[in-house]
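Hi everyone, thanks for coming. Let's have a look at this one together, and please stop me if a term goes by too quickly.

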Amino acid sequence: MAESARVDSWLWAVRIFKTRTAATAACRAGHVRVNGERAKAAQPVRPGDELRVRIQGFDRILVVKQPITKRVGAAVVAESVEDRTPPPPPRELTGFVPVRDRGAGRPTKRERREIDRLRGRG
């Protein structure tokens, strides 16, 4: 058993990303932080390190219990990672964001005024 593993390999092994390439791309884009610092793909992670991974606009907070480099069964993954991600806020507390259909063109003057009213600008 290794005492450290590459951060991209570990994220792939514990099934945070589908492919190691996706994990490497997330590191390059700055979406992965190890102990508060931006991580490069080859940075080693050790037991006790805290990782913050931004996926789909939300941060997942993970703590390394055991560094692994190969994809393993779900039971071993559960022993290798501690997920400290807070639960998402309830839908009642998150505001409704109106979305225009793609390709609908520019809003008319009337629609723009309604949008402004919804956003509290009018």
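I'll talk about the sheet, then two buried residues, and then the largest pocket.

A word on the ground rules before that. This is a predicted model, so local features need pLDDT of at least 70 and side-chain atom pairs count only at pLDDT 80 or more, while totals for chains, interfaces and linings use all residues. Residues are numbered from 1 along each chain as its sequence is written, and side-chain values use heavy atoms, with hydrogens and water left out.

Let's start with the sheet. Five strands form an open sheet in the order β3-β2-β5-β6-β7, and the pairing is antiparallel. At the edges sit β3 (37-38) and β7 (81-83), each pairing on one side only. When I say strand, I mean a DSSP run of E with at least two residues; a helix is a run of H or I with at least four residues, and both are numbered from the N terminus. Two strands pair if DSSP finds at least two bridges between them.

Now let's walk across it. Strand β2 (residues 32-34) joins strand β5 (residues 50-55) through three antiparallel bridges, and one bridge pair there is Arg 33 with Arg 52 of β5. Next door, β5 and β6 run antiparallel with six bridges. Ile 55 is bridged to Phe 58 in β6, and Arg 54 stands opposite Asp 59 of β6. These two strands make a hairpin with two residues between them, and in that turn Gln 56 has a positive phi of about 55°. Finally, three antiparallel bridges link β6 and β7, with Val 64 partnered by Val 81 in β7.

On to the buried residues. Is Asp 49 buried or exposed? Asp 49 counts as buried because its relative accessibility is 14%; buried means under 20% relative accessible area, exposed is over 50%, and partly exposed lies in between, using a 1.4 Å probe and protein chains only. You'll find Asp 49 in the loop between β4 (44-45) and β5. Beyond its neighbours within four places in sequence, Asp 49 is in contact (heavy atoms within 4.5 Å) with Val 34, Asn 35, Pro 44, Leu 62, Val 63 and Val 64. The side chains of Asp 49 and Asn 35 also share a polar contact of 3.2 Å. That term means a pair of N or O atoms within 3.5 Å; within protein, one must be able to donate a hydrogen and the other to accept it, and residues adjacent in sequence count only if both atoms are side-chain atoms.

Our other example is Thr 24, in helix α2 (residues 20-28). Thr 24 also counts as buried, because its relative accessibility is 15%. Leaving out residues up to four places away in sequence, Thr 24 touches Asp 8 and Ala 41.

Last, which strand gives the largest share of the lining of the largest pocket? That is strand β6 (residues 58-64), with three residues. The lining also includes Ile 55, Gln 56 and Pro 89. A pocket here is an open set of points on a 1 Å grid, where a 1.4 Å probe fits, with protein on both sides within 12 Å along at least five of seven lines; lining residues have an atom within 4 Å of a point.
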